[in-house]
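Here is a short briefing on the structure shown below. Read it with the model open.

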Amino acid sequence: MDSTVTHSAHGHEHGDVAHHHEELGFLRKYVFSLDHKIIGIQYAITGLLFLLFGFTLMMVMRFQLAYPGHPIPLIGSIFGAANAPNGVMLPEFYNQLGAMHGTIMVFLGVVPLAVGGFGNFVMPLQIGAPDMAFPKLNMMSYWVYFCGGMTMLASFFMPGGTAQSGWTSYPPLSIVVATNGQVYWLVGMIFLITSSLLGSVNFIVTIVQLRAKGLSYMRLPFFVWAQLVTSFLLLLAFPPLEAAGILQLMDRVAGTSFFLPSGLVISGKPLTVAGGGNPLLWQHLFWFLAHPEVYVLILPAMGIISEIIANNTRKPLWGYKALVYAAVFLGFMSFIVWAHHMFMTGMGTTISAFFQTTTMIISIPSVIILTALLLSLWGASIRFTTPMLFALAFLPMFGIGGLTGLPLGLAPSDIHLHDTYYVIGHFHYVVAPGTIFALFAGVYYWFPKATGRKMNETLGKIHFWGSFIAINFVFMPMFIQGLGGMNRRMYDGGMQYAHNAGLLHWNIVIGVAAWTLGICQIPFILNFFGSIKWGALADKNPWDATTLEWSAPSPPGHGNFLTEPVVYRGPYEYSVPGHAADFTPQFEPERA
Amino acid sequence: MEIPYTVEPRPDSGLANGKLGIWLFLASEVMLFGALFSTYILLRVGAVEWPHGELNVWLGAVNTVILICSSVTMVVAWAKLKMNDFAKGRLYIIVTAVLALVFLVNKYFEYAEHFGKGEGPWHSTFFAIYFTLTGLHGLHIIGGIVVMAYLAGPGAKLWKRNPDQFTNRVEYTGLYWHFVDLVWIFLFPVLYLL
């Protein structure tokens, strides 16, 4: 570190750290690192572990749904008599697992991996920066995220267990529940929101300020654009949830009634609070974050996919400018669609009409992006590498997720489908075989840059085909169940309702598919850790790619580039006529 | 390794890193307080009757004047540093922090009076939003005091090494401080007068 390194107003407690060159101890180099690459890897590994943990919760829940009332085999005894007496899951415990599955997957798994992990590691390399603009804030944002994650995990072991009011935490339920899990959830969320605030400020400043010479905005790789828009969403959409979290915490801890209406009766007893609050207020504040959050999940995924498709089709992306404008428009529109989650609340037809209109409008930029990526494949001689397989699967999977969202965006059809398994199928197609596949693609694609070794292709293909088939058997039947009227969040899998009788056998299909999907992740885990040690050595540009990160050594040292990078052209100059190689990197000078 | 544009502005954006950073941070703060003000509006519109005259307008008005003065002293501190007068600059930072402390002392008396009468946040929706908004604002005041104490204390060493960077830090702190002041200028009429 140099003496002129940035000290932000927040970073002053680290201000006395000695400014050594090189020779950092293990703790400073790998644990409390200021290097964006190490922080990115920390985020990525923590995020992957949380994804595995959140998925494990769901595999346990799926047993309960497939075989309600049966003792959970093998692991049933570890949950304790309070949660699963004799291995049979109690409804309260099912609710805890459900609430935490959603929370962990979204806030602790996907976002930290997509933004904290890939954004941190790849973005500064792609813009030719030596590091993030505020390295200390960057470290702080990881550790604040880590504290949030630990708070959430610890709440499982507290008396009464963790939060059990769904990842949406709708009041009054979340406030009147007798156990304290919700308090831990709220405190954890405040940590996570603070972390993403620090991260997003850092990302935007880095992209605006630290672009290499010659790297104008329209020469940015699409991944960087996606991260830029995502950061604005995190910056502006998360604070209202922080406000809502503070208000709910006040309701739980200080006895206020922001979200509790007057005259509320719980179990036959009137609640002794002042009242006068409004439960719908929470929903508005929550979805004001949580809808932009959907695009926080999907935009980095689209960015990753764009890089991989351009690289493996050996063609420029079709419609780069359209992609950029669509992403910016998407980001803007995502702030004015939130109430399409609330058609059932009776907020009135005028408001519903407004949000239906904006919801239909926001589908246009998504379709533009998907179409541009699809047309990029046209006439290409595609290299079917593992990252490309995941990227190709992303297109139809995200397509299904997006198109099934249209009936949910229109109030008349939403009233039938609301809170059914159809909704679960819809958003999981966007996030699981959509975003998470894109994240896998990104892991396979940038692994050589992070480690200097490639991941194994055979194991990668087993991982891909197994996951691709299994995941469709998990989510496709949910559309059938949902259209048949099966409600979500039922711990007995819907048995108690007669109209579900013909749909229950799908629970077994979904369960088996979910456990198969779990088994299919084993090759990935083996591949990931094995390749660090035994993977084929990769040079600095193993995929013959064009963007700046591939001009740095693999793995890049502290400060990233050996010489100051200069950019001469756009990001995707593949197969330029008249050139000997089929790729012309951004950093290659123009030949006279 | 050196991160560019930590002190001098980047030509095409016209900003140094820290200045862009603090403006973005303030944008998110606007959203945070915006959500709470929206909550206030929604609760008030939905209420059968809204209490008036519950708060001590005089104390609130005095606090408003104090905060506005502290904004002025903050700008003077920055101006003195720009004119290379470190001693005066530091003095005005301390004056700003002291004014902020006086604000908090007044706030303490107000809080104590309400709690003494049993008017805690649980008492009614009005007091719930009053304590939440002013409490969060108070936390921002405390944050400002901590930063000013750092700048006038251990952080002042930077002046010898890199006066421009130190001056910039005071400027960024000032931007934050004006924002905190501005929030109060909205809070005062909304809670005390309307």
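What span should the 18 residues of helix α11 (residues 386-403) of chain A have at 1.5 Å a residue, and how far apart are its end C-alpha atoms? The expected span is 26 Å and the end C-alpha atoms are 26 Å apart, so the two agree. This is a predicted model. The points below cover both chains, the core, two kinked helices, the contact between the chains and some local backbone features.

**Chain A overall**
- Chain A holds 17 helices and 2 strands.
- A compact globule of 592 residues would have a radius of gyration near 25 Å; chain A has 24 Å, so it agrees with that expectation.
- The C-alpha trace of chain A spans about 85 × 55 × 55 Å along its principal axes.
- Buried residues make up 56% of the 592 in chain A.
- Of the contacts in chain A with a separation of 6 or more, 78% are between residues 24 or more positions apart.

**The nonpolar core**
- The largest nonpolar core counts 228 residues.
- The residues with the most contacts inside this core are Ile204(A), Ile305(A), Phe390(A), Phe394(A) and Ala441(A).
- Helix α7 (residues 222-253) of chain A is the biggest contributor to this core, giving 21 residues.
- Beyond its neighbours within four places in sequence, Phe394(A) touches Ala301(A), Ile305(A), Gly434(A), Phe437(A) and Ala438(A).

**Kinked helices in chain A**
- α11(A) has a kink of about 25° at Phe394(A), shortly before the proline Pro396(A).
- α11(A) is largely enclosed by the rest of the structure, because 13 of its 18 residues are buried.
- Helix α3 (residues 91-126) of chain A has a kink of about 50°, centred on Pro112(A).
- α3(A) is mostly covered, with 33 of its 36 residues buried.
- Gly128(A), just after α3(A), has a positive phi of about 75°.

**Chain B and its contact with chain A**
- Chain B has 6 helices and 0 strands, in the order α-α-α-α-α-α along the sequence.
- The C-alpha trace of chain B spans about 60 × 35 × 25 Å along its principal axes.
- Of the 194 residues in chain B, 41% are buried.
- For contacts in chain B between residues at least 6 apart in sequence, 76% join residues at least 24 apart.
- Between the chains, 42 residues of chain B are in contact with 43 residues of chain A.
- On the side of chain B that touches chain A, the elements giving two or more residues are α1 (17-46), α4 (125-152) and α6 (163-193) of chain B.
- α1(B) supplies the largest share of that side, 16 residues.
- That side of chain B comprises 23 nonpolar, 15 polar and 4 charged residues.

**Cis peptide bonds**
- The Pro171(A) to Pro172(A) peptide bond is cis, with omega near 0°.
- Pro172(A) sits in the loop between α4 (135-154) and α5 (173-176) of chain A.
- The Ser554(A) to Pro555(A) peptide bond is also cis, with omega near -10°.
- Pro555(A) is in the segment after α17 of chain A.

**Positive phi outside glycine**
- Asp419(A) is not a glycine, yet has a positive phi of about 60°.
- Asp419(A) belongs to the loop between α13 (411-417) and α14 (421-451) of chain A.
- Asp419(A) counts as partly exposed because it has 13 C-beta neighbours inside 10 Å.
- Arg489(A), a residue other than glycine, has a positive phi near 60°.
- Arg489(A) lies in the loop between α15 (457-483) and α16 (505-520) of chain A.
- Arg489(A) has 12 C-beta neighbours inside 10 Å, so it counts as exposed.

**Two sites to inspect**
- Tyr217(A) is in the loop between α6 (181-209) and α7 of chain A.
- With 13 other C-beta atoms within 10 Å, Tyr217(A) is partly exposed.
- Tyr217(A) and Gly570(A) are 353 residues apart in sequence, but 9.8 Å apart in space, C-alpha to C-alpha.
- Gly535(A) lies in the segment after α17 (522-534) of chain A.
- With 18 other C-beta atoms within 10 Å, Gly535(A) is partly exposed.
- Outside its neighbours within four places in sequence, Gly535(A) contacts Arg453(A), Lys454(A), Met455(A) and Asn456(A).
- Gly535(A) and Ile424(A) are 111 residues apart in sequence and 38 Å apart in space, C-alpha to C-alpha.

Definitions and conventions: Residues are numbered from 1 along each chain as its sequence is written. Chains are lettered from A and ligands numbered from 1 in the order in which they are written. This is a predicted model: local features need pLDDT of at least 70, side-chain atom pairs count only at pLDDT 80 or more; totals for chains, interfaces and linings use all residues. A nonpolar core is a set of buried Ala, Val, Leu, Ile, Met, Phe, Trp, Tyr and Cys residues joined through C-beta atoms within 7 Å. A residue is buried if 20 or more other C-beta atoms lie within 10 Å of its own, exposed if 12 or fewer, and partly exposed in between; C-beta atoms are placed from the backbone. Helices (H or I, at least four residues) and strands (E, at least two) are DSSP runs, numbered from the N terminus. Two residues are in contact if their C-beta atoms, placed from the backbone, lie within 7 Å. The radius of gyration is taken over C-alpha atoms; the globule rule is 2.2 Å times the number of residues to the power 0.38. Ala, Val, Leu, Ile, Met, Phe, Trp, Tyr, Cys and Pro count as nonpolar, Asp, Glu, Lys and Arg as charged, and the others, Gly among them, as polar. The bend at a residue is the angle between axes fitted to the seven residues ending there and the seven starting there. The expected span of a helix is 1.5 Å times one less than its number of residues.
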